Each structure stands twice: as C-alpha cells, then as structure tokens.
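Work through the exercises below with the sequence and the 3D structure at hand. Try each task before reading its solution.

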Amino acid sequence: MARTDPHSHFDDLQPRATRWHLRLLADFDSRILAGEATLMFSGPVAGILDLDTRGLAIHRVWVTLTGVEVPHELGPEEPILGRRLRLRLPEATHGVSIAYETSPEATGLQWLEPAQTEGRRHPFLFSQCQAIHARSLVPCQDSAAARVTYDAEVVVPDGLRAVMSAGPAGDEPGPVPGTRVFHFRMPQPIPSYLLALAVGELESRELSPRSRVWAEPATIERAAWEFAGVEEMILKAEGLFGPYDWERYDMLVLPPAFPYGGMENPRMTFLTPALLAGDRSLVDVVAHELAHSWTGNLVTNATAEHFWLNEGFTVWAERRILEALHGEEACLVAWAIGQNALEESMERFRDQPELTLLRTHLAGVDPDEAFSSIPYEKGARLVAVLEQAAGEAAFRDFIQAYMKRFRFTSITTEQFCAFLEERLPGLQRAVDAQAWLDGPGMPANAPVFRSARLDRLTGLAQAWGQGARPDAGAGGWSPSELLVYLQNLPRALGPEDCAWLDRELGLTGRGNYEILVEWLTIAAASAYQPAFGRIREVLTRVGRMKYLRPLYAALGQHPATRELARAVFVQAAPGYHVLARRLVEGVLAGYPA
Ligand code: BES
Ligand code: ZN
C-alpha cells in the first residue's frame with residue numbers, strides 16, 4: 001500500500017512514528033502554542049517522511065539525538081489536507097524533532113477571552129482534533145490508521161491548569177517566572193484525533209476511585225452533581241463490553257463555546273456545559289462518550305470513510321448502557337429521538353445521497369462537511385439488526401471477541417465485515433449488510449422502535465391541529481418523552497398555540513437544552529416574537545453546533561426572523577468556534593434572498 005487515507009499524507013510504506021514527545025508553551029496573548037514536537041520510531045529508520053500540517057510555522061527540524069539538521073520542505077496549501085511537511089531522514093534515525101508554532105487561527109484550537117468563561121477572570125484554551133485538526137496543533141501523521149503514545153510538557157500562565165487526554169505526571173514552576181509546567185504521560189496508543197488539551201482555571205471533584213470531573217470553579221459543584229452516577233455507567237459498560245482499559249475515566253466540562261456535546265478524548269472526556277440540566281436528564285451523552293472507550297478508542301475507524309464503525313457502534317452501545325440503567329422504555333424513547341435526527345439528516349442530504357452510505361467515499365470531501373446523524377443512527381440500526389439476527393447472547397460474544405481481536409488498532413469496514421463473516425458466517429447476507437453499507441437511504445429491513453407509550457405521545461402531537469392537547473401539563477412525562485412530543489408537533493404554529501405550549505409546558509425557562517432548543521425552533525419557525533429574546537440569548541451563549549444548526553435554519557423561514565438571525569450572528573460570531581462559524585455561515589447563505 002502507500003497512502004491509505006484520503007484526508008492525510010500518511011503513507012504506510014514510510015517510517016511510522018510510534019511515540020510523541022511534546023514540549024509546548026501556551027501564549028494567550030498571541031494565541032499561539034509554541035515549542036517542539038519529537039516523533040520517535042520503534043527502531044532506526046531513514047528516508048522520506050511525510051507529515052500533515054495546517055497553519056504551522058516550522059522553524060527547524062533535526063535528528064533528536066545528534067542535532068543534525070534534517071532537510072525538510074513545506075508543500076503548498078491544499079484544500080482540506082493542509083500542507084505536507086516532507087522530511088528526509090538520514091540513516092539510522094530514531095527520532096526527529098521539530099521546532100514550530102501554531103497559527104492563532106488553528107482549526108483545532110479555540111482561545112477564549114475571560115468574558116467567555118463562567119468565572120470571567122481567566123482566559124481558556126481547548127482543543128478539538130477530530131476529525132483532521134490534530135495537524136493544526138502538531139506536525140504529525142494525522143490519520144486514524146496511525147497510533148502513538150505520547151508524553152507532553154505544557155507551560156501555562158500561573159493560576160491556570162492544563163489537562164490532556166493522558167495521565168497527569170506532576171507539575172512545577174515553569175521556566176519563566178509567572179508560569180507553571182504540567183507534565184503528562186499517555187501510555188496507551190491512540191490515533192492523532194484523540195490528542196486533547198485544555199487550559200483554564202480548573203477545579204476537580206472525585207466521583208469514584210477512577211473518575212473525577214474537572215470544571216471552572218463556578219460550575220464544579222453542579223458538574224459533580226450532574227455526573228455523580230458515572231461509576232455505575234462504567235460498571236454497566238464493563239459488563240457489556242469487557243474491562244475498561246484506560247485506567248481512569250475523567251471528564252472536563254468546558255465553557256459553552258465548545259462546539260460538540262461531548263468528545264471522547266481518552267482518560268478525559270470533554271463535555272459541553274449545556275449538559276448541566278440540573279436533573280441528570282442529559283447524561284446519555286456521558287454514556288455515549290464513555291462507550292467510545294471501547295468502540296472508537298480501543299477499536300478505531302481507520303479513516304473518516306469508516307466513521308460509522310466509531311459512531312454507529314457507540315450509539316448502539318450507549319443505548320445498551322441506557323437500557324441496563326433505566327430499562328427498555330427509556331431506551332425506546334432514545335431510539336425515537338434518534339429516528340428524528342436520522343430523518344432530518346436524510347432530508348439534508350437529499351441531493352447528496354452518496355453521503356447517506358455508511359461506508360463513505362470522501363476523497364475531496366471535508367469530513368466536517370460530511371458530518372451528520374447518518375453514521376450514528378443508520379449505523380446503530382445496522383448493529384441492532386445484526387444483533388437481532390444473531391441473537392443477543394451470540395452477539396454479545398461476538399462484540400467481546402471483536403474488542404479483543406482489534407483492541408488498540410484501527411480498522412476498515414472491510415476488516416469488520418471479514419471478521420463478522422469469520423465469527424457469524426452468513427449473518428451479513430441474512431440482513432443484507434451490503435445495502436446498509438454501500439446503499440443510500442434506509443434499507444427495507446430497518447428496524448422500527450415503537451411502544452404503546454411512544455405511539456400515544458407521537459399521536460397526541462400529530463393531532464395538535466385537531467385540537468388534541470396533553471392533559472395536566474404533561475406531568476408524568478420524562479424530559480425525553482417531552483422532547484419526542486415537541487419533535488412531533490406540526491410547525492409553524494400560531495401565536496396562541498405557542499403561548500399555550502410555553503405556558504402549559506414551561507418551555508422558555510427550561511434548563512434542559514434539548515427541550516429548550518426544540519421549543520425555540522418551533523417558536524422561530526412560527527415567528528413567535530415573545531421567544532426572540534431567549535433565542536438570541538441561547539445563540540450568543542452556547543456554541544454547540546447541534547443547537548446552532550436547527551435554530552438558525554428555523555429562523556430562515558420569515559423575513560423578520562432572518563433579520564434576527566443575521567443580527568444575532570454578527571454579535572455572536574466572534575465567540576463561536578471556527579467550525580461553528582463556518583456552519584452558521586452556510587445556513588445563512590442558504591436563506592432565500
Ligand atoms: N466523536 C464525537 C464528536 C465528533 C465527531 C467531533 C466527529 C468531531 C468530529 C462524539 O463522540 C459525539 O458523537 N458527540 C455527540 C454526542 C451524542 C451523539 C450523544 C455530540 O457532540 O452531540
Ligand atoms: Zn460519538
């Protein structure tokens with residue numbers, strides 16, 4: 001082979017780095033990470049080594065042990081890929097060191113002003129490397145097919161603390177007065193997209209002997225309460241998938257600009273503070289990120305074209321954990337919420353059916369542009385169909401064997417299929433796995449998750465126009481059931497209907513962002529003026545793209561709300577993550593002229 005990943009210059013015929021040593025200084029004034037990356041090989045190597053970079057300034061490259069200069073050349077900027085850094089390693093090179101710095105516009109970093117934090121006194125920095133942003137932090141073989149262990153030293157201003165997707169290895173006063181240096185060691189091999197760093201004013205609370213949560217002081221008590229049940233989740237997950245292999249499961253609650261709900265950075269899951277609903281109703285995101293400790297972090301998609309192996313398995317795993325914790329009915333509601341997301345994504349990709357395959361072909365396509373609920377929900381449904389056809393017990397054995405066989409490796413859909421055929425011969429054919437993997441849309445044997453309770457909820461919502469109303473303020477509904485109800489309501493609604501909903505169901509004041517945002521999209525699509533203030537507030541405060549996309553899209557339907565959306569964006573955009581900004585720009589560009 002040679003190049004194996006359409007999104008990386010990684011070439012499996014070239015030397016392969018197996019360990020990184022990072023020495024970085026976080027300069028909040030210039031918004032630059034500056035320092036050295038050393039890439040170590042498992043033995044002596046020589047010849048051409050191509051690395052991925054984006055926005056990096058390369059100062060010097062040398063053989064680590066001898067200091068001998070290494071000839072290098074930075075290629076032209078390519079769309080999606082960034083710039084190739086080609087090194088010519090002399091004979092018997094064991095390690096190569098690169099002095100470099102990041103760009104203030106690094107796509108994998110967001111530098112926050114104090115005003116964007118809860119405490120408002122200190123700045124904050126966080127990384128988000130998936131899918132292909134690690135190259136904007138470190139010159140590296142930025143393909144999920146290449147795994148590395150790492151250690152790191154990060155110098156930060158006094159009063160701030162650094163955390164990474166690694167084990168802490170001590171801290172001490174830094175090289176310059178007014179700084180502190182934090183050491184990390186990551187002994188388990190990870191793909192580059194799982195490199196993670198955050199720096200801020202952080203405190204922690206113990207949740208169990210192997211888990212603690214980190215957050216800003218102003219948020220830490222709420223975070224500790226919300227996620228107190230994490231050990232129970234880990235135990236359930238271990239029962240399903242085998243022992244937890246990463247020693248610790250810590251979590252970090254980020255400032256609200258974090259563009260995702262959660263990111264499964266090993267040993268340190270990153271989470272949006274929008275999960276702090278005050279009633280533990282959004283902890284399914286923790287179940288999801290935790291489940292990635294098996295599906296994704298242990299067994300990893302080789303490239304973004306096999307992303308469903310990460311996310312489809314993880315959604316399925318998340319729901320098995322949820323079922324073990326809260327029973328079958330709660331699990332069915334989660335599948336119903338997922339169905340809604342799946343249908344929205346299918347609709348969004350109506351004119352790009354090639355993005356509705358599970359096994360995608362992404363040469364020339366930015367993985368961030370291909371992102372949708374399809375690998376998640378279509379993928380999880382394929383896993384569920386396989387499970388159903390195999391039988392629960394046989395499938396559990398299969399999953400455990402799968403984890404064992406591929407742990408700490410990165411695989412393709414084809415490798416998964418070969419292993420499936422070996423262990424459960426004929427199963428793929430029986431469920432027509434090929435239609436799922438290589439065909440667009442949803443196959444005919446897609447499972448439908450229903451229950452009498454769910455049918456009542458959706459029926460009630462769909463009969464809104466005929467005057468059906470939930471009685472007694474929907475008192476007996478769980479937050480997820482209320483969400484299903486809202487998702488199934490017709491829109492747009494008239495102002496009286498909106499007022500009724502808000503009054504009877506107490507929507508505008510909700511702390512559960514799933515419910516709040518669903519309600520606000522109804523209000524936006526209905527041009528319901530009394531909700532505009534809250535819409536503005538949410539869009540300026542929260543950077544989670546899952547909320548920005550539907551809200552801005554719903555605001556596109558009326559001239560008055562389009563004006564609101566444009567005005568809010570001008571105000572909010574400087575606080576958005578670069579990916580969130582791009583996403584919203586795309587939505588606004590799609591508004592009718
Ligand atoms: N790994 C993803 C987030 C991600 C995917 C970031 C691709 C960048 C590129 C994470 O595990 C995830 O799926 N998060 C979801 C959680 C949800 C499915 C429970 C999110 O952020 O909404
Ligand atoms: Zn995920």
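## Exercise 1: Two hairpins

Strand 10 and strand 11 form a hairpin with five residues between them, and Gly178 in the turn has a positive phi of about 85 degrees. This is a predicted model, in which local features need pLDDT of at least 70 and side-chain atom pairs count only at pLDDT 80 or more, while totals for chains, interfaces and linings use all residues. Residues are numbered from 1 along each chain as its sequence is written, chains are lettered from A and ligands numbered from 1 in the order in which they are written, and side-chain values use heavy atoms, with hydrogens and water left out.

Task: describe how strand 10 pairs with strand 11, then do likewise for strand 13 and strand 14.

Solution.
1. Strands (E, at least two residues) and helices (H or I, at least four) are DSSP runs, numbered from the N terminus. Two strands pair if DSSP finds at least two bridges between them.
2. Strand 10 covers residues 167-173 and strand 11 residues 179-191; five bridges hold them in an antiparallel pairing. Within this pair, Gly167 stands opposite Arg185 of strand 11.
3. Strand 13 (residues 203-208) and strand 14 (residues 211-215) also run antiparallel, joined by five bridges. The hairpin between strand 13 and strand 14 passes through two residues. Glu206 has Arg212 in strand 14 as its bridge partner.

## Exercise 2: The zinc site

Task: which residues are the protein donors of the zinc ion (ligand 2), and what is the geometry of the site?

Solution.
1. Donors are N, O and S atoms within 2.8 Å of the metal (3.2 Å for Na, K and Ca); water is not among the atoms, so sites may look incomplete.
2. The protein donors are His288 (NE2), His292 (NE2) and Glu311, the last with two entries (OE), at 2.0 to 2.7 Å from the zinc ion.
3. The donor residues follow the spacing H-x3-H-x18-E in sequence. His292, in the loop between helix 3 (284-291) and strand 18 (299-301), and Glu311, in helix 4, lie 19 residues apart and link distant parts of the chain.
4. Four donors count as tetrahedral if all angles lie between 85 and 135 degrees; four count as square planar and six as octahedral if opposite donors are over 155 degrees apart and all others between 65 and 115; anything else is irregular. The six donor atoms of the zinc ion (ligand 2) make angles of 54 to 160 degrees, and the site is irregular.

Task: is His292 buried or exposed?

Solution. Buried means under 20% relative accessible area, exposed over 50%, and partly exposed in between (1.4 Å probe, protein chains only). His292 is buried because its relative accessible area is 0%. Glu311 is also buried, at 2%.

## Exercise 3: The largest cavity

Task: which element gives the most to the lining of the largest cavity?

Solution.
1. On a 1 Å grid over the protein atoms alone, a cavity is a set of points where a 1.4 Å probe fits but cannot get out; lining residues have an atom within 4 Å of a point.
2. The lining consists of Leu240, Phe241, Trp316, Arg320, Glu387, Glu392, Phe395, Arg396 and Ile399. Helix 2 (230-241), helix 4 (307-326) and helix 8 (392-406) each give two or more residues to this lining.
3. Helix 8 gives the most, with four residues.

Definitions and conventions: 1 Å grid on protein atoms, 1.4 Å probe; cavity = no way out; pocket = protein on both sides within 12 Å on 5 of 7 lines; lining within 4 Å.
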